[in-house]
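User: Please take a close look at one single part of this structure and explain how that part sits among its neighbours. After that, I would like to follow the same kind of description into other parts, in one connected answer.

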Number of protein chains: 4
Amino acid sequence: MSATGDPQQADDLLERTRAFIRDTVIPAEPAPGTTLDAQELERLRELARAAGVYAPHLPVEYGGIGLPITAWSPIFQAAGYSPIGPSVLGCMAPDEGNAHLLEKIGTPGQKHDYLGPLARGEVRSAFAMTEPHPGAGSDPEALRTTAVEVDGGWRIDGEKRYISGAEGAGFFIVMARTEHGATMFLVDAGTPGLRVGRDIRTTEHAIAGGHSHVHFDDCRVGADAVLGEPHEGFRYAQVRLGPARLTHCMRWLGLARRSLDIALDRAESRELFGSRLRDLGLAQALIADSVIDIEASDALIASCATALATDPREGARLSSIAKVFCSEAIVRVVDRAIQLCGGDGVSDDLPLASYWGEVRPFRIYDGANETHRWAIARRASSARRRAMAADADAAAAGGAA
Amino acid sequence: MSATGDPQQADDLLERTRAFIRDTVIPAEPAPGTTLDAQELERLRELARAAGVYAPHLPVEYGGIGLPITAWSPIFQAAGYSPIGPSVLGCMAPDEGNAHLLEKIGTPGQKHDYLGPLARGEVRSAFAMTEPHPGAGSDPEALRTTAVEVDGGWRIDGEKRYISGAEGAGFFIVMARTEHGATMFLVDAGTPGLRVGRDIRTTEHAIAGGHSHVHFDDCRVGADAVLGEPHEGFRYAQVRLGPARLTHCMRWLGLARRSLDIALDRAESRELFGSRLRDLGLAQALIADSVIDIEASDALIASCATALATDPREGARLSSIAKVFCSEAIVRVVDRAIQLCGGDGVSDDLPLASYWGEVRPFRIYDGANETHRWAIARRASSARRRAMAADADAAAAGGAA
Amino acid sequence: MSATGDPQQADDLLERTRAFIRDTVIPAEPAPGTTLDAQELERLRELARAAGVYAPHLPVEYGGIGLPITAWSPIFQAAGYSPIGPSVLGCMAPDEGNAHLLEKIGTPGQKHDYLGPLARGEVRSAFAMTEPHPGAGSDPEALRTTAVEVDGGWRIDGEKRYISGAEGAGFFIVMARTEHGATMFLVDAGTPGLRVGRDIRTTEHAIAGGHSHVHFDDCRVGADAVLGEPHEGFRYAQVRLGPARLTHCMRWLGLARRSLDIALDRAESRELFGSRLRDLGLAQALIADSVIDIEASDALIASCATALATDPREGARLSSIAKVFCSEAIVRVVDRAIQLCGGDGVSDDLPLASYWGEVRPFRIYDGANETHRWAIARRASSARRRAMAADADAAAAGGAA
Amino acid sequence: MSATGDPQQADDLLERTRAFIRDTVIPAEPAPGTTLDAQELERLRELARAAGVYAPHLPVEYGGIGLPITAWSPIFQAAGYSPIGPSVLGCMAPDEGNAHLLEKIGTPGQKHDYLGPLARGEVRSAFAMTEPHPGAGSDPEALRTTAVEVDGGWRIDGEKRYISGAEGAGFFIVMARTEHGATMFLVDAGTPGLRVGRDIRTTEHAIAGGHSHVHFDDCRVGADAVLGEPHEGFRYAQVRLGPARLTHCMRWLGLARRSLDIALDRAESRELFGSRLRDLGLAQALIADSVIDIEASDALIASCATALATDPREGARLSSIAKVFCSEAIVRVVDRAIQLCGGDGVSDDLPLASYWGEVRPFRIYDGANETHRWAIARRASSARRRAMAADADAAAAGGAA
């Protein structure tokens, strides 16, 4: 079978994943605005493993189900239907993207030492790239954390910020400026000179781990801590970012579907001016626009996943476009669901306001949408310029045009 | 002087209000997502009275400054620049609207007993109209709470919900169905049969009081508890709602201005891709759109306030339009400010996400915007129909057209 | 090979189609706002046949290239890159949809007599469904044209309106109410009782044929004029409409791409405030939003085409969603291109304003977008209701949920 | 009486203007997409003068009605309710703005020679500022046409473009670069060296005069041709542009009202799915959004007119904001009217598509909206910077903050 695997098996897995989320995960969700307990998470993960729905994206040899990226979207959406679903199923950021990166560029030893435990859910990980202003953020080239070669190893100095999941992570993938560009390092928690600092509290609450400052002060690591090859950090970052952006789209699209379902249930049960809410045109306009946003997001994700599997450059271009569209569409869908639910929509009686808190940051994370728009426009201008030049060349050569 | 009072005095008051908010109120704001302490509120109110900026909208005889409605907007915006400002200045909902209603339709005795203490900040009040589904909500005609005449007084039965400020209120203005329509009652806290129930927690946190269920079970009040005249409740509701909607617009527009200022400060200090954020076109687009939203809101409010002062019917029409436009514009401005501030925008390091929580409900409160749109469209259709009929009549009469 | 045919052949065809449009069709385009001459159209079609790019969607046995629907989109977009392209390549509405319908439900004789000449470009055709108010329009069930059985044939009476391509059509597919629903008829031009009336001039000008009134007065046709089976008209209309909506999306998305390219060329050559237009953030925002609109449209079309090929019910649902999204996205892209080109954008020096005239009607044709939104919302509500009922049944049966 | 004149007289004038437009102008409108005949225009102007509704904005001494700018909006909107109304009433661009400029900065002799005939409708005029790329356009500082002092007069050389009303104008106000900035000149049609070239056809058709290229080749004018003072051209341009932008808003807002009325009439008469169109929620959403757009535009215009009358700097700021908001709102209103009218909306049976052609250029004319957004954002940033500096100074001085 080709890239999407056996369709029958994929359908079965999707059905089982949906049932697991519906019957096991949703009943275990924490109250809106509160955080899932770590022990409870572990209990749910055991159930997920038993149900055969854990780690759909990881290689079979590392305990996963081995789906290719083109088959992830429906499964990740099913997981994301609960804000704690991706974490329970072991496909939450940043672990999911880190595992992907380790699989793509890690040495066999690194895969054994880091990907294995990560895949089995024995440790959590963090990806330490973003820095306090004026360091790396929407502009990765502004990287200021440095690593210099010393004594057959490396010394890392600098400060990272907004590092999701840092608190409690077993290891960090650290991006640092090196002599010829940037290099990624695998740094174990507890390494002297590595310190997890102040946690930045955001609008997200469903999953523990926070977004912390991480400090590197004369932090020494061995030569084997280099992930893949030295000085390839900026390239590797793109390897990670394309798929990572897209899996964010998938997971949060699941939460958008949940929001719409909550609103549809309300529109079914509520009466106003003598009609059911679902039969009032102004409510139908909100519902229809959310369906359209969801389907367009779904289609863009599918199109981008296919590209990522076959043409990385086109995949990167589309992942940028999908990120912008999906992140904005998802926030709109949650916002419309709030509106459809009236006063309950902004109350703790429904989880919708807390869902807003979960999804709103995505318009900023992974590169602010404005930065992506800038890149999208530049790529479009360059592509057009190249096409015009090629036409001109063809015309000059053959006089055809 | 005419309706707007002495311009010089108005400018002075505005300047003093701004200074008071900047120098006294903002430094006392609670942390984002937390609530102002009651004692601290009282301390700040004392300072506001001392500074001569308390109760700008109330009649002088009740301790206020006596501004006409056409002069409220800049002052209320200055107050709303802090989420606790309107409460400190005694011009917060629901007290502000209740005071306005008492002034317009209360008997002298009711003004003495209720408006006086309210104006002096000795008690808080609540407005009990909204009911659990399928009662009064976006459709006030669905009112189910009843009042029947008994023993020279009235017996009230029913359930209210989402009653802002109910917890701790000294009295309630209660809307109940009576034989010939609806009637408003003044019911003191502590009246047997009146019980404040479960508090609904929402995305708003700055000001205490919550949004509670209020139960009326065989609640007996005297004949003098009728506010104004019996059976005039639906009409009185409109007297209250037009200005109340508009003062919401004013206050929250102040918070939108605060949000834009926070974003402008960030755009000034932050560098990206070698430029200040404020010089990047994609940031400028966000800033300009927020300026436009703010100015259009400001102009609509001014236009509506003038109408409310001179032509109540046109005032009601415009207050509906202003409510929809401003509530959506304000949420957009806060959302863009979050976006301009990047990761900090969704963190507790800045108050912007909590501002979103303060302003988002306004698209739902005071009649969901969809309900207003429905009413706006119906009014437009009727007005056009009448105009065409008048033209036809004129033509039939004179043959002119 | 599966449904998409040989990818290499498909790529070749796409490349040849693009080259033909660029080198042959675009240089022959009429001036903005004017109409392609009929003789010139025939000349261009001859060239298209010679270049092997004519009728990509029609069966090989009828002289086409035989692409399956899942492979149409890039080709139709390439054709639509010129407003006259689809007509030159023989894949313009309404002929394209009529050919599709004949292929699906025509008898062998009907295919020979009607599909053959149509495929060879010897005749044009029209689809006569829409009626003057209060007949069939956005609501097809309001159909008022009737057909009754007489003398072994049928008598058709009624009035159609907005019938694209009626002027000069060789035959009409006519929808009429019959005893048990609706029936489609093949009616030759020139049949007594059929009269093409007043042409409705619209904002479209590129292609001749207009949108005419068509009158049926005691119009007699034989029993063999029934297309497919009698009384299946409403079902057949859906067979035609799903793909027809989607091919509209494809063709006009091509024109959106053309508009963006025109704007990109301008942004490349124009300087403002010391920068190239393409480097100004506010222009980049317009460009990026258009790229996103185009890619989301492209992805939705691909997703819908796959569904139409495998699951007609899901295909119909998605074609409605794609129609709404694409028609609005395409108008936005043309509008932004106008804006990027400044004063030239609204002048005849550029074709953009005339492109607006070509694409704007699509938000109305094939069912106004508001009607589709209404249907989309209703389908979403029903689907959710069914899902909840199924869950409840499962829970009742097994106690699992 | 103060700035707005006698309210009763203003109401009378408004009523008379509306009646004149309804009873005299609308019946004389040319067919959609065609242009009003010059003789017919003159006939209508005579009637306007007779009805006492001609030139509401011009000083009484020049034959106008003498309304202050704060009273123009309702009258100009009433005029703009017909696309030919402003021209009939003598308050169309560019004459209206040119008259305003002559009144503000012309010498007595210039007023006599140019403002008089212009006010009496004896001549038309043009304003020659915009140039072919890379000259003055959205960036006026890029001005390339030059004027040098020669023989006690001036020699003008350069090329203008997109000069509205140039064909047939009696005189031109020409902006040229001079030694110390820019200077405005009054140049009579027929002056040797002045040539009106190619007309640029745009989407506007209602009024004759076109948008032409104008060439100056060794064009000699006397010293008295300098409008106002030499080298003040850039400042004068702002004097003209603020009000000129705002009167555009007024006039086209009138056409937006007309569009909505056409749509309301349709929504009244049309039935769909068993309801009147006006009672369907999805139509009501379109209607309500248009009412909101119209009222917000109206309020912004009023607010800006007040500022222009009292605080030119604030007036300029608000005119930029009003221009962006109103031009986009007006296009939206026309677009929604098209949508509400279905197939008729894009046909010549209704004038709506031609109205789109009249209003769409306004998002580009008078500075593209993107240029205004850039300026609006910059002003907001500077204002905030100044405010923060003032606060800091105050704090440093008194320690108060």
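Analyst: Two strands are said to pair if DSSP finds at least two bridges between them, and the strands themselves (E, at least two residues), like the helices (H or I, at least four residues), are DSSP runs numbered from the N terminus. What you see is a predicted model, in which local features need pLDDT of at least 70 and side-chain atom pairs count only at pLDDT 80 or more, while totals for chains, interfaces and linings use all residues. Residues are numbered from 1 along each chain as its sequence is written, and chains are lettered from A and ligands numbered from 1 in the order in which they are written.

The part I have chosen is strand 4 of chain D, which covers residues 171-178. On one side, strand 4 of chain D pairs with strand 1 (residues 125-128) of chain D, and these two run in the parallel sense over four bridges. Within this pairing, A128(D) is found opposite V174(D) of strand 4 of chain D. Strand 4 of chain D also pairs with strand 5 (residues 181-188) of chain D, this time in the antiparallel sense and over eight bridges. Here F172(D) has V187(D), in strand 5 of chain D, as its bridge partner. Strand 4 and strand 5 of chain D make up a hairpin, with two residues lying between them.

How covered is this strand? A residue is called buried if 20 or more other C-beta atoms lie within 10 Å of its own, exposed if 12 or fewer do, and partly exposed in between, with the C-beta atoms placed from the backbone. By that rule, eight of the eight residues of strand 4 of chain D are buried, so the strand is largely enclosed by the rest of the structure. F171(D), I173(D), M175(D) and R177(D) point one way from the strand, whereas F172(D), V174(D), A176(D) and T178(D) point the other way, and all are buried.

The corresponding region of chain A can be described in similar terms. In chain A, strand 4 (residues 171-178) and strand 5 run antiparallel and are joined by eight bridges, and a hairpin of two residues connects them. F172(A) stands opposite V187(A), which belongs to strand 5 of chain A. For strand 5 (residues 181-188) of chain A, six of the eight residues are buried, so this strand too is largely enclosed by the rest of the structure.

Let us now move out to where chains meet; two residues are in contact if their C-beta atoms, placed from the backbone, lie within 7 Å. Between chain D and chain C, 33 residues of chain D are in contact with 33 residues of chain C. Strand 8 (271-272), helix 8 (281-310), helix 10 (342-345) and helix 12 (369-398) of chain D are the elements that give two or more residues to the side of chain D that touches chain C. That side has 13 nonpolar, ten polar and ten charged residues, where Ala, Val, Leu, Ile, Met, Phe, Trp, Tyr, Cys and Pro count as nonpolar, Asp, Glu, Lys and Arg as charged, and the others, Gly among them, as polar.

Chain D can be superposed on chain C by a rotation of 180 degrees with 0.0 Å of shift along the axis, giving an RMSD of 0.0 Å, which is the relation of a two-fold axis. Both copies use the same surface, since 100% of the contact residues of chain D recur in chain C. The superposition is by least squares on the C-alpha atoms of residues with pLDDT of at least 70 in both copies.

Chain C also touches chain A, in a contact that takes 35 residues from chain A and 35 residues from chain C. Helix 1 (7-25), helix 7, helix 8 (281-310), helix 9 and helix 12 (369-398) of chain A each supply at least two residues of the side that touches chain C. Helix 8 of chain A gives the most to that side, with 13 residues. By class, the side of chain A that touches chain C divides into 21 nonpolar, four polar and ten charged residues.

Finally, consider helix 8 (residues 281-310) of chain C, where 25 of the 30 residues are buried, leaving the helix mostly covered. The expected span of a helix is 1.5 Å times one less than its number of residues. For the 30 residues of helix 8 of chain C this should be 44 Å, and the end C-alpha atoms are 43 Å apart, which agrees.
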